[in-house]
Amino acid sequence: MAGSTKSALIIGATGQTGRHLLQNLLASPHFTRVGEYGRRVTPVDDITTGKDKLEQKVVDFEKLQESGLKKEKWDVLPQVVAEAFEKIDREYVINAAKEARNADSSVPQRLVYLSSTGANSSSPFLYPKLVNFAILCQEVDLPSDFCRSKGLTEEGLASIGYSDTIIFRPGFLAGTNRSDHRLAESIFGKLTGVLSYVSSSLQINVRVYLGKAMYLAGKLGSNDLPPAVAATKEGKADAKFTVINNATALKLAEWQK
């Protein structure tokens with residue numbers, strides 16, 4: 001799949017990571033057709049390159065059968081929906097991936113999903129993305145069932161039957177440009193920024209590294225990832241997936257062929 005031009009469908013491109021991933025896809029000659037589906041899509045005026053190969057569609061995730069996902073044939077599907085609501089973060093993501101899966105299982109398709117550090121279907125923590133780090137999660141008094149959201153989403157996606165499933169588990173997302181000020185994230189970001197000088201597992205810049213790493217993973221696939229990146233495998237015997245953690249994503253983004 002890595003050797004010729006391909007198509008990519010990104011679901012959730014208006015978020016902090018998705019917007020940079022979309023830019024990488026549109027700028028790449030490897031992808032000659034790029035779709036952006038979501039509850040919202042990027043304003044056309046914000047797109048500076050690759051407009052001619054971009055297809056946008058606003059999707060009602062409650063009516064996916066009307067989205068046209070089943071009719072389209074996409075080679076790579078990056079999913080970067082990242083909201084702290086179980087229905088959106090798990091049900092919508094998994095249902096969209098199912099709808100976009102080619103009915104012909106012999107046709108190779110690659111799924112790339114943005115999860116979170118600490119994702120684990122057996123985790124006692126509520127939802128690592130809410131506070132970006134498990135230590136702070138312990139201080140949040142919220143229902144324990146939702147703690148497993150990211151891990152369960154990972155397992156659900158891996159069981160759909162894509163020929164290649166790649167999961168990103170980044171640490172704190174630096175370099176975001178949010179319209180709302182989040183005090184906890186601001187304080188924690190300063191802390192991880194300092195600690196990132198001694199550890200590569202805590203923080204990643206969405207613009208410089210994460211968007212690029214997800215693009216490269218979608219382009220190369222699990223089998224062609226450079227050995228130096230040291231990605232790992234997880235999942236059940238019949239639903240294996242590749243894991244790219246924070247340090248691995250940094251290495252991939254810095255890798256030059």
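Hi everyone, let's start with a pocket. The second largest pocket here is lined by Ala 13, Thr 14, Arg 19, Leu 22, Gln 23, Leu 26, Thr 42, Pro 43, Asp 46, Ile 47, Thr 48 and Thr 49. Please keep in mind that this is a predicted model. The volume of that second largest pocket comes out at about 250 Å³. If you sort its lining by class, you get 5 nonpolar residues, 5 polar ones and 2 charged ones.

Now for the aromatic rings. How many aromatic pairs does the count come to? The count is 3 aromatic pairs, and I'd like to show you two of them, starting with Phe 31 and Tyr 215. Their ring centres are 6.1 Å apart and the planes meet at 65°, so this pair is edge-to-face; the cut-off for that label is over 60 degrees. Where do the two partners sit in the chain? Phe 31 belongs to strand 2, residues 31–38, while Tyr 215 belongs to helix 7, residues 206–220. The pair therefore links distant parts of the chain, 184 residues apart. As for exposure, Phe 31 and Tyr 215 are both buried.

The next pair is Phe 61 with Tyr 92, and this one is stacked, with 5.2 Å from centre to centre and 10° between the planes. Phe 61 comes from the loop between strand 3 (54–58) and strand 4 (76–79), and Tyr 92 comes from helix 2 (residues 86–100), so the pair ties together parts that are 31 residues apart in sequence. Are these two buried or exposed? Phe 61 is buried, and Tyr 92 is buried as well.

Phe 61 also brings us to a glycine. Gly 38 sits in strand 2, and it is buried, with a relative accessible area of 4%. Which residues does Gly 38 touch, once we set aside neighbours within four places in sequence? Its contacts are Lys 57, Val 58, Val 59 and our friend Phe 61. There is another glycine to look at here: Gly 12 is 26 residues away from Gly 38 in sequence, yet their C-alpha atoms are 5.3 Å apart in space.

Last, let me point out two arginines that sit over rings. The charged end of Arg 33 is placed over the ring of Trp 74, at 3.9 Å from the ring's centre. Then there is Arg 101, which lies over the face of Tyr 162, and here the distance to the ring centre is 5.3 Å.

That's my tour, thanks for listening!

How values were computed:
Residues numbered from 1 in each chain as written. Predicted model: local features only at pLDDT ≥ 70, side-chain atom pairs only at ≥ 80, totals over all residues. Heavy atoms only, no water. Phe/Tyr/Trp six-rings, centres within 6.5 Å; stacked < 30°, edge-to-face > 60°. Helix = DSSP H or I, 4+ residues; strand = E, 2+ residues; numbered from the N terminus. Buried < 20%, exposed > 50% of the residue type's maximum accessible area, 1.4 Å probe, protein only. Lys NZ or Arg CZ within 6 Å of the ring centre and 35° of its normal. Contact = heavy atoms within 4.5 Å. 1 Å grid on protein atoms, 1.4 Å probe; cavity = no way out; pocket = protein on both sides within 12 Å on 5 of 7 lines; lining within 4 Å. Points joined across faces, edges and corners; volume = space filled by probe spheres on them. Nonpolar A, V, L, I, M, F, W, Y, C, P; charged D, E, K, R; others polar.
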